[in-house]
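This report looks at helix packing and at contacts made by aromatic rings. The structure comes first, and the description follows.

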Amino acid sequence: MTRALWFLIKVAIVVGIAVWLADRPGTVNINWQGYVVETSFGVAVLITAAVLAFAVFLYRVVRGIIRAPRTLGRYSRSRRRERGYKALTRGMVAVAAGDAATARKMARKADGLLNEPPLTMLLSAQAAQLQGDDRAAKEYFTAMLDRPETAFLGLRGLLTQSLKAGDRVEALQLARRAQSLQPNTPWLLGTLYDLEARSGDWAAAEGTLQQAVQAGAISADLGRRHRATLLIERSFEAERRGRSDAALSHAQAAHDLVPGFVPAAARVARLLAAAGKLRPAAKAVERAWRINPHPDLADAYRDVLANYDPLTRVKLTDKLRVAAPNNAESHIALAQVSLAVQLWGEARTHLNKALELQPSRRLYRLLAELEREERQDEEAARAWLAQAAAAPADPSWTCTACNAVSPTWGGLCGHCGAFDSLEWKAPTMTVSLMAPESTTTAITHQPSERPVGPAVPQSAT
Ligand SMILES: [Zn+2]
């Protein structure tokens, strides 16, 4: 619309000029070197315009010819880039799809077409990795370290490779180098913290853990728990070096950080008891017991009370029952201390109470022990043991990374070396398939008030 209007305006102007010239006739005379040209003014204007237009056309043609090589070069370069980026894109798609052959082909093509080493090197490395050519991938990643813009990516690639190969010493070095380039990268902080903790560098791990929590790589709750574990390990380390004050202060800090964390409470209780502070030691266990009644805490409590006379031990252990009255562990703790001092009636009462609350393999074994110790009743003891064999496995310290079961808690899994991976839970493989008919028959002869039925679900704490 605008173009048509503009055209009409131009036509109007030309017609206007033509009319204006026609209204004002006149002649133009040119006399040059004996040549005489005489024409009307209108024609002269027309010829001048035509000559000017031709000159402009000629200028453009000549300029085009002179510039042709440069233009052609630019065109072919832009075509190359276009093809290069297309190859790069197809390569990245192939990497995402796991198509190693295409990825490598496209990486080579992109590398030949594009002068962009940061992009093509990463694709080449990823393609090599996909093909399982770790050596080639390592070469690409290492080459990436030479350029500041690709150094971090190269370190990330090498770090992933050494983690995969299980070389934690090299992984730790690489992670530290990467962190010096990008100090607040969440995934890197999480990895670095884990590597430092696995290597037993507790103090460094504590610092990195704090940064990882701040960067959002680890939740605040999990961060607290990990920190408590680090503090317990620092406490063990201080003890080995003969620094009992530091050992106690680290354990106390862990206990204050997560009061229901069983290893922290047990550790601080034992260290306080060793320092002769029996009352605060018992208090630490009672505090944790209120949150998380646990066999390890009962053991620690028994150790704390070891030097009291038998009746006082039983009386003091009742504090655990008061702290968690409806928990089977409270009654088991009381039964165990009663068994130890041969208060049979007391032991039986609490074992039966625990049986009502939560039957377990450990409980059946204690009942068998009671039958043997008190009444020398082998038959009843065997019946309880048969029931123990048929019951689901009791919870134990189980590694969440490798499922290995550990008899005692530790900051590092003794099997796979994972840090803070031990959880108190029943093993994942159940023994429910092991209950044959004969066992069930044996169970029906139990001198138990409880009806015998299928395995009672356990509550893992
Ligand atoms: Zn493990």
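The buried residues of H17 pack against helix H15 (310-323), helix H16 (328-340), helix H18 (361-375) and helix H19 (378-390), where contact means heavy atoms within 4.5 Å, and helices are DSSP runs (H or I, at least four residues) numbered from the N terminus. This is a predicted model, in which local features need pLDDT of at least 70 and side-chain atom pairs count only at pLDDT 80 or more, while totals for chains, interfaces and linings use all residues. Residues are numbered from 1 along each chain as its sequence is written, and side-chain values use heavy atoms, with hydrogens and water left out.

Helix H17 covers residues 344-357, and among its buried residues (under 20% relative accessible area, 1.4 Å probe, protein chains only) are Trp-344, Arg-348 and Leu-355.

A pair of aromatic rings is described by the distance of the centres and the angle of the planes. Rings of Phe, Tyr and Trp (its six-membered ring) pair if their centres lie within 6.5 Å, and planes under 30 degrees apart count as stacked, over 60 as edge-to-face and the rest as tilted; by this rule there are 6 aromatic pairs, including the two tabulated here.

| Pair | Centre distance | Plane angle | Class |
|---|---|---|---|
| Phe-152 and Trp-187 | 6.2 Å | 55° | tilted |
| Tyr-364 and Trp-384 | 5.9 Å | 20° | stacked |

Tyr-364 lies in helix H18 and Trp-384 in helix H19, so this pair ties together parts that are 20 residues apart in sequence; both Tyr-364 and Trp-384 are buried.

Notes. Helix = DSSP H or I, 4+ residues; strand = E, 2+ residues; numbered from the N terminus. Expected span 1.5 Å × (residues − 1). Buried < 20%, exposed > 50% of the residue type's maximum accessible area, 1.4 Å probe, protein only.
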